[in-house]
Amino acid sequence: MTADVLYPTSPAEVQEAVRSHPRVLPRGGGSKPALSTPREGQAVLNLSGLSWVLEYDPGEYVFVARAGTRLAEVEQLLAQNGQYLPFDPPLVEQGATLGGTVAAGLSGPLRQRFGGVRDFILGVQFVDGEGNLVRGGGKVVKNAAGFDLPKLMVGSLGRLGILTELAFKVFPFPKATATLRIPFPGLEAALEALYKLAGSPIELYALDLEPPATLILRLGGLPEALPARLERLQLFLSRSGEVLQGDAETQHWRHLNQLNLGRGYLVKVALTARLIPALEKALGGAPRRYMSAGNLLYLAWDDPLPRLDALLQSQGLAGLVLKGRTDRPQIGIDLEQVFGRRVAAALDPKGRLGNLGKPYAAQD
Amino acid sequence: MSLALNELERLFPPSRLLCKPGELAPYESDALTAFRARPLAVVLPESHDEVVATVRWCVKHRIPYVARGSGTSLSGGSLPIEGGLVIGLNRMNKLLRLEPQERIAVVQPGYINLQVSQAAAPYGLYYAPDPSSQPVSTIGGNLAFNSGGAHCLKYGMTSNHVLAARVVLPDGETVELGSESPENTGPDWLGLFVGSEGLMGIATEITLRLLPKPETYHTVLAAYDSLAKAGDAVAAVVASGLLPGAMEIMDSLAIEAAEAAVQAGYPKAARALLIVELEGETPQVEAEARHLDEVIRRSGAYEVRVAQSAEERMKIWKGRKAAFSAVGRLSPDYIVQDGVVPRSKLGQALQEIERLSERYGLRVANVFHAGDGNLHPLILYNGRVAGELERAEELAGEILRLCVALGGSITGEHGVGMEKKAYMAEMFSEADLAAMQRIRRALDPLELSNRGKMFPGGEAPALKHSGPHPLEQAGVISRE
């Protein structure tokens, strides 16, 4: 199957493309092929031509860019001013874009400190299913005017609008970081420590669990306070673990950002820590990493997808396939409800947008 | 209408269905007292099912309604609709579940903001959003208006702390939005619902995220002989790479008011006060404090105080939090605006406001969240002087337009409500507003749920001079 591929270079061209095609699928860097591979009859809107920074004044903590802008470019620019995207989007080196990150709703391990992509998106401009150019939110760090369309677009998978511009709140990156890797004798002990940490005033930039039973903790802050805090952390857990600093530390997190966990499908699961024990029993050998105190799981799945779908359903969980061929990237429990169907129908009444076999609006 | 009311009487006992003029009077306005409207009736449901039955009744009889908590909205968001129904949710005020280990609290919409932190305190947890109205404002109202507070730059607004909600849609159907996980794998429907100002339905069960209480605070009060210097100090703090939990500025009029009200011990001669608060792990805060103190020292402050105890910290905050209601001591009436400007435009905005204040011959006190550029100009007027309220409204409008022109927003945390709906078109294009309207009508084709709010157009009730809200007079609520 060959699909039409269009390369709009302005929001007006995106509007035109939406109006002139019965079905369109937006695509940024293509780093999440399960979400950006066209189905029968879909024209691909390649947004790599909508890629430039619109506004960035470090003193404002606000960053505005076209949706096709690559994360790598964004991170480099922010880093020059000691700042970063606090939700820590994954797949930077694979060419992920701002738009794709928002549409897929992806955050990384550092979300533990200040929140995920939904907590840092300030403004959005998108083309709806009728070709209207719509703006929501703003370009200041605090804003309560109008419906929160920016948050609505997080995880929208291209089905509610084609993102053309995004504004984010950014923060200063800690001047120094250190990572502590602590193996525990078993999952129960590791989870006990995870809960203890999550409920404590210890401020971690990352609180990951690597099965079977290793916690990976990242501290950030002023360099002069870091040694004392590291020591306090070790005392708090009565374990010294292995300390990573400098290049070794940077490499660890950079490597993880690629989410090269293993063969097969790459899947994101939203959950809470209390589901980990049951999930750990069920998941077997699938390589995986729990992030942000057990609220986010990325796993590699090398078995047929329906098995994982059934497994997640049995745990009451929903997942999103990012890599690997599938016609239905949303797996696990059915998240459809009437609120969503009505909102989708309002923004895309003809079902032009989206990557599912059936768009939301057509399912009512 | 009596037929409809008869039906309502079958749903609610007389004690929870208010129809008499005397019973309705307290519901005729919210904290934006310049607006007043007489509802048909007020019902006080005690359960989700009663809310569903009420909404269905409204749909059947085409009666618009507004759901309301403590009525502390500063934008007229909980103002009744003339001849419509008020659904008072104050009786749905239970803490349904507190799970300290999972750090969540599940509450009914009438539960009070401050009570969440009080209930969580024994476990070392708290609920971060802290609007000044927090001793009385309800979580349901906070959710509807995406309330802010003094700590938004670092911790976000209400929306960043609501995990899930059970919602009665405008047709009476019930949906669950969100989950206990802060992550999700589809569109963020809950994110859209929070802050929708009651136009998309009524939340009857709300799951909140709790945070561990910071180990240490470092609260600095710095006095300046000009507002500009205080503003520059904020820029310098930001440039230093520090991320304080709060940065607040008060001008001389606000200082005078706060001093008169709560004797916070502020330096009275100051033209501007800056409050900066660091919080977090002790070793980190101690190190940050050394950097902050250096920045403040260089910023030209003529007096600097650091809170040495929890009591001193509370005293500093008491003056700030009381500043709004305290302004009532300086003037019989006032309007508060909450426009936002980019931080770098704060100085320009304040100068412009001062100029406008002179031109209109009305005093304006300024208390604001400097860290996130959220202004709170308080326009003082006397409603008994003919034309003064209208002039104050006009001045308020100019300030909103100024905020938009500087690249900001007409509201940082109070919402659009009734008050600012005419200014939505300053900030959003026709296409933007049309998209929002389409979403609204897809959920509420009859436009019953909080009809007449947020979107431009429609009739606004006549402005009336009516003095402070009764709760405000009693010092129970304040305006932020």
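Begin by selecting chain B of this predicted model and looking at its contact map, where, among the contacts with a separation of 6 or more, 73% join residues 24 or more positions apart. With the whole of chain B still selected, note that buried residues make up 59% of its 480 residues, and that the secondary structure comes to 16 helices and 18 strands. The C-alpha trace of chain B spans about 70 × 60 × 45 Å along its principal axes. Its radius of gyration is 22 Å, which agrees with the value near 23 Å that a compact globule of 480 residues would have.

Next, move to chain A and select residues 5–6, 24–27 and 43–46, which are the strands β1, β2 and β3. These three strands form an open sheet in the order β1-β3-β2, with parallel pairing, and β1 and β2 of chain A are the edge strands, each pairing on one side only. Zooming in on β1(A) and β3(A), you will find them paired in the parallel sense over two bridges, with A:Val5 standing opposite A:Val44.

Then select residues 276–283 of chain A, helix α11, whose buried residues are A:Ile276, A:Leu279 and A:Leu283. These residues lie on the same side of α11(A), because they cover an arc of only 60° around the axis. Adding α8 (187–198), β16 (288–291) and β17 (296–301) of chain A to the selection shows what the buried residues of α11(A) pack against. Rotating to the face turned away from the buried side of α11(A) brings up the exposed residues A:Pro277 and A:Lys281. Finally, step just past the helix to A:Gly284, which takes a positive phi of about 60°.

Terms used. Residues numbered from 1 in each chain as written. Chains lettered and ligands numbered in written order. Predicted model: local features only at pLDDT ≥ 70, side-chain atom pairs only at ≥ 80, totals over all residues. Pairing = 2+ DSSP bridges. Helix = DSSP H or I, 4+ residues; strand = E, 2+ residues; numbered from the N terminus. Rg over C-alpha atoms; globule rule 2.2 N^0.38 Å. Buried ≥ 20, exposed ≤ 12 C-beta atoms within 10 Å, placed from the backbone. Contact = placed C-beta atoms within 7 Å. Arc of directions from axis to C-beta.
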